[in-house]
Amino acid sequence: MSLYSLSLSGLNTAQTGLEVTSHNINNSATQGYDRQVAVQQTAGARPTGSGYIGMGVEVTTIQRQYDSFLSGQLMNSQSVASQYNTQYTQLSQIDSLLATNTTSTSATLTSGIQPALTNFFSSLNAAASNPSNAANRQDMVGKTSSLVAQINLVNQQMQNQRQGINTQLGTMVTQINSNLDTINQLNQQIATAYGQAGGQPPNDLLDERDQAISDLGQLIGIQTYTQSNTSTISISLAGGQPLLSGTTEYKLTAATSSSDPSATALYYSIPGSNGSQTQIELQDSQVTGGSVGGLMAFRQQLNTIQDQLGQFAVGLAMTMNGQQEQGLDLNGKPGSNIFSLGSSNIVAGANSGSASLSMTAQSGQYTISYDGSAYSVKDPSGNAVTMTTSVNGSGQTVLNFNGFSVTVAGGDDPRATAANPDTWTMQPFGMTTPTITAAATNGQQNISYNIAYSGGAWNVTGPSGAVTATTTVNGDGTTTLAFDGFKVTAGAGAVTSGDSWTFQSSGTGSSITPAATNAATDPSLTASSTTASAPTLSANAIGNGDYKVTYNGTAYTVTDPSGNAVPNASGGSTFTPDAQGNITFHGMVVNVSGNAASGDSWQIDPDGMAQVPAISNTHNTSTAALSASYVDPNQLQSSDYSIVYEGSSYQVTRQSDGKVTDITPNAQGYLNFDGLSVSVTGTPAAGDKWELQPTRYAAGQLTSTLTNPSQLALADAAGGTANGNNGLAMAKLQTSLVLGNGTLSLNGLYAQLVNNVGVQTQQLSSSLTAQNALVTQQTSAVTAVSGVNLNEEYVNLTQYQQQYQASAKILDVASSIFDAILGVSNG
């Protein structure tokens, strides 16, 4: 080995070192660049008689300073931080929106829901305290509109964020797929480069690929796998769904969710036959990490928040309307709804015709009468209603008609007659249990009985004949007769057979008059219970109170919520629209427009509130449709539901807590759960699925129907312009535990919503701060291994410069020696 060769190996090695160091210096600010080092080793030695003489130095490889474990930790931490940051940015907007003070997130909102709610009840208290004051009533109209506006606007802001999520997901999926293209191309370039360089690593391509993978991880959570034989990287989502395998990309797609047409969902691809790919929808909970994971996590929170706001809106509407219906307005009429939820209370089936129906509830009430022998009912139009009676387990009479069941508690009133019957009015079209009001004259009619003693027995005869009386001999020798709610006591002593008395009750008092022929020795009779009470009636809607209208090709048929056919005004079974397109039944006017096809049907909810249609899964094999009506605000949950038809029953999963219930439709075909009643139209197929979001959009559908101050039903049943008793009862709903199964008031439910959002926002803020600190710590750890230190590179540059100069000196020495040898030879 000559000095020339030794000098050349040193020069080449030093030059490589200088080039690598210069490359490091030039890329010291390049994102994702890992410092490179020229790895040197001895070139070996040749044997001689004097020993082994070295053959110089060589560079074995250019090695990047890279720790896969530290870099993997950093990538995962950055992905989580990206998720938290995106989620916090979105949630903090809602936190500000729900704050109890003046809202600053929107120029449109001048106050929050809480101040508007407080003002609403303050105005109601003022109106109830002075119900004849027109200004107080007018202020209540304004405060009601303001409260509704605030609830609507908060819901709209949430809707805007929901739409923003859809837009951002589409953009991010495009970026994800672009990154996959880049990584796939780099994989192939790296594999080629390894081959071209005899297995030497293409460091800059590796850095570029790592940076592309890091960028991808900040968009969505991923896992990576390195193929040892090719050094290519395969990528999957955090849940294991493949994105890149070898050179095959399984790209993501942003498209409408199969279970919710308002939401954009992510779909991933799986290999199919003949090289095809099948799209599979990802649930929001399956996507974690990165900005996309943050959007998905926030959307789950948004669903819960919007459901809770909707629960508040439904609770406000149903409880206030229910109490309003129990009072009388300024004109002495029963109260009508203050709030409405939705503009449509008719849900069409899977119809093929173009007809549409709209419904207007007539003003009026059902009238229930008892004439001393039987009950009868008239609908709000004044028409007699077909009714059946039954007896419940408690022995009480139950009246069944038009989808209502009315229970008679306390027994029939013996005072009632055909001329002076007991009467009750029932307000049917409300959001709550139908309200029944008894007439003030019930139980107050005059009645007369004949009480006779004959043959050792007492006999009582009333207006309709003999009356069953229970005779009890008391310990003091007196005798008590009990009949028709009255009690009459005969004093101790012998009673002359054949003597009699007349017992008369006026409803407020009574008198007992002995017959003129009675013996003077007879004991006196006294009434210890002088009045009989009229029974108390209570009503419930059967099922969800929905009617069904069906077109048979020539006319319309109607069935009530009990499934009974509704007759027309002439007693027939079909309805033909009049000149205005109206059909009228049970106090409702239904207008038909367009052309119906035979078999078309509609569900009608007469309570003035829209039904909530369930969302049919796009993979359902039938056209069956489900729709829900609110039945009980106290049982209502702020949750979505998944419903699956299993062939005879339905599996209902409450998504808020995962509770699964198998429900079989009742006799009317309804599914009843959690304050809801769900009706089914059409014939479902086993495996059909629906998504029910009963309160999701209720806050946006809330409207005020209080347009005239006189509509406020501030008086109770006694009436009068100075009567504010019912208004005070409405005001108590602010703090009464009427929601959440008796655990929450209206104030409490909204406060719970605000508190939940505040706690979640604070937790996210803390998590984001901690995660950013972790990213900073891990970045420092990676930089310590892979980062370019300019001071260190300057030292390396000087070292390689000196090595180069020294190697050149060897060459100079070799040349001098060679010249000297030539000189000796020439001499």
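This is a short talk on the chain shown above, going from its overall form down to single residues.

Okay, hi everyone. One thing before we start: what we have here is a predicted model, so please keep that in mind throughout.

Let's begin with the whole chain. How many helices and strands does the chain have? There are ten helices, and alongside them 46 strands. Now, the radius of gyration is 43 Å, while the globule rule gives 28 Å for 827 residues, so this chain is more spread out than a compact globule. You can get a feel for that from the box that the C-alpha atoms fill, which is roughly 185 × 55 × 55 Å along the principal axes.

What about inside and outside? Of the 827 residues, 45% are buried. The accessible surface adds up to about 36500 Å², and carbon and sulfur atoms account for 49% of that. And if you take contacts between residues at least 6 apart in sequence, 65% of them join residues at least 24 apart.

Right, on to the sheets. As a quick reminder, strands of a sheet pair through backbone hydrogen bonds, and they can do so in a parallel or an antiparallel way. I picked one open sheet of four strands, with the order E37-E39-E44-E43 and antiparallel pairing. Which strands stand at the edges? They are E37, residues 612-613, and E43, residues 671-673; each has a single partner strand, so one side of each is left without a neighbour in the sheet. Elsewhere in that order, E39 (residues 625-630) and E44 (residues 676-681) are joined antiparallel by six bridges. If you want one pair to look up on the screen, find Ala-625, whose bridge partner in E44 is Thr-681.

Next, a hairpin. Strand E41 covers residues 650-654, strand E42 covers residues 659-663, and the two run antiparallel with five bridges between them. One of the bridge pairs is Thr-653 with Val-660 in E42. There are four residues between the two strands, and Gly-658 in the turn has a positive phi of about 75°.

Stay with that hairpin for a second, and look at Arg-654, which falls within E41. Arg-654 forms a salt bridge with Asp-657, and their closest N and O atoms are 2.7 Å apart. Are these two buried or exposed? Arg-654 has 12% relative accessibility, so it counts as buried. Asp-657, on the other hand, has a relative accessible area of 48%, so it is partly exposed.

That brings us to salt bridges in general. Side chains of opposite charge can pair when their charged atoms come close. In this model the count is 13 salt bridges. One of them is between Arg-299 and Asp-284, at 2.9 Å from N to O. That pair links distant parts of the chain: Arg-299 sits in helix H6 (residues 290-325), while Asp-284, 15 residues apart from it, is in the loop between strand E11 (277-282) and H6. Both of these residues are buried. There is also a network of salt bridges that links Asp-34, Arg-64, Asp-207 and Asp-210.

Now let's go to helix H10, residues 790-826. Here Asp-812 and Lys-809 meet in a salt bridge, with 3.7 Å from N to O. Both lie in H10, three residues apart, which is about one turn of the helix. Asp-812 has 40% relative accessibility, so we call it partly exposed.

Helix H10 also has a part in a surface patch. Which residues make this nonpolar patch? They are Leu-3, Ile-810, Val-813, Ile-817 and Ile-821, and together they give about 380 Å². H10 supplies the largest share, four residues. Take Ile-810, which is found in H10: its relative accessible area is 34%, so it is partly exposed.

Last stop: Thr-389, in strand E17, residues 388-391. With a relative accessible area of 53%, Thr-389 is exposed. What does Thr-389 touch, if we leave aside neighbours within four places in sequence? Its contacts are Val-398, Leu-399 and Asn-400. Compare that with Leu-169, which is 220 residues away along the chain: the C-alpha atoms of Thr-389 and Leu-169 are separated by 59 Å.

That's my tour. Thanks for listening!

Conventions
Residues are numbered from 1 along each chain as its sequence is written. This is a predicted model: local features need pLDDT of at least 70, side-chain atom pairs count only at pLDDT 80 or more; totals for chains, interfaces and linings use all residues. Side-chain values use heavy atoms; hydrogens and water are left out. Patches are made of residues with over 30% relative accessible area and no salt bridge: like charges are joined within 9 Å, nonpolar side chains (Val, Leu, Ile, Met, Phe, Trp, Tyr) within 5 Å. Accessible areas come from the Shrake-Rupley method with a 1.4 Å probe; for residues, only the protein chains shown count as cover. A salt bridge is a side-chain nitrogen of Lys or Arg within 4 Å of a carboxyl oxygen of Asp or Glu. Buried means under 20% relative accessible area, exposed over 50%, partly exposed in between (1.4 Å probe, protein chains only). The radius of gyration is taken over C-alpha atoms; the globule rule is 2.2 Å times the number of residues to the power 0.38. Contact means heavy atoms within 4.5 Å. Two strands pair if DSSP finds at least two bridges between them.
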